[in-house]
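Colleague: I'd like a close look at a single part of this model, namely a helix and the neighbours it packs against. Please take me through it slowly.

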Amino acid sequence: MMGEKKPHEKNGDNDILELETVFEKDDDINEDDYEWSDEIGPSDWDTLLSNQPQFADKRNWNEFTDKDWSELLSLQPQFADKCPWKRFDGNAWSLLLSEQPWFADKCDWKKLDDNDWSWLLLKQPQFADKRNWEKLVVRS
């Protein structure tokens, strides 16, 4: 219905971080009957779970992109057991490892390109020994 606000919207702003409060205050909304996939867009899930991990059982993990995973695991590393590590590209690895270096044992270092390495080594120089320096591209 046009103009009808979703339960997680307040004053027209999409405030997904208020879901827990909505369920507590609104007797008409049942968390188990809530249409999670219809109400929360794929790009909002990493934000929601980063702040309210108790909603993890409502998520279809297969819809997460590697970028979503790197953002989520940067803030909530306890979801690592659900992560499809092989899907990560170099950018996702550099973003994640710059915040959570203890995932290095899962990294496929060959996926990182020069830009990924630049970002990662700026934040976490201890990974310099993982870089294949022979493949360094020098630009003039």
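**One helix and its two neighbours**

Modeller: Over the whole protein chain the mean pLDDT is 76, with 64% of the residues at 70 or more; pLDDT is the predictor's own confidence in each residue, from 0 to 100. So you know the ground rules, this is a predicted model, where local features need pLDDT of at least 70 and side-chain atom pairs count only at 80 or more, while totals for chains, interfaces and linings use all residues. Residues are numbered from 1 along each chain as its sequence is written, and side-chain values use heavy atoms, leaving out hydrogens and water.

I'd pick helix 5, where confidence is highest, at a mean of 97; strand 1 (residues 9–10) is the low end, at 38. Helices (H or I, at least four residues) and strands (E, at least two) are DSSP runs, numbered from the N terminus.

On one side there's helix 4 (residues 66–75), packed against helix 5 at about 0° with the axes 9 Å apart. Axes are lines fitted to C-alpha atoms, for helices over the stretch in contact, and angles run from 0 to 180 degrees between N-to-C directions. That makes the pair roughly parallel, a label for angles under 35 degrees. Asp66, Ser70, Leu73 and Ser74 of helix 4 meet Ala92, Leu95, Leu96 and Glu99 of helix 5, contact meaning heavy atoms within 4.5 Å. By class, that contact has four nonpolar, two polar and two charged residues. Here Ala, Val, Leu, Ile, Met, Phe, Trp, Tyr, Cys and Pro are nonpolar, Asp, Glu, Lys and Arg charged, and the others, Gly among them, polar.

Now helix 6 (residues 114–123): helix 5 (residues 90–99) packs against it at about 5°, again with axes 9 Å apart. Helices 5 and 6 are therefore roughly parallel too. From helix 5, Gly90, Asn91, Ser94, Leu95, Leu97, Ser98 and Glu99 meet Asp116, Trp119, Leu120 and Lys123 of helix 6. The classes there are four nonpolar, four polar and three charged. Leu95 and Glu99 turn up in both contacts.

Terms used:
Parallel < 35°, antiparallel > 145°, perpendicular 65-115°, else oblique.
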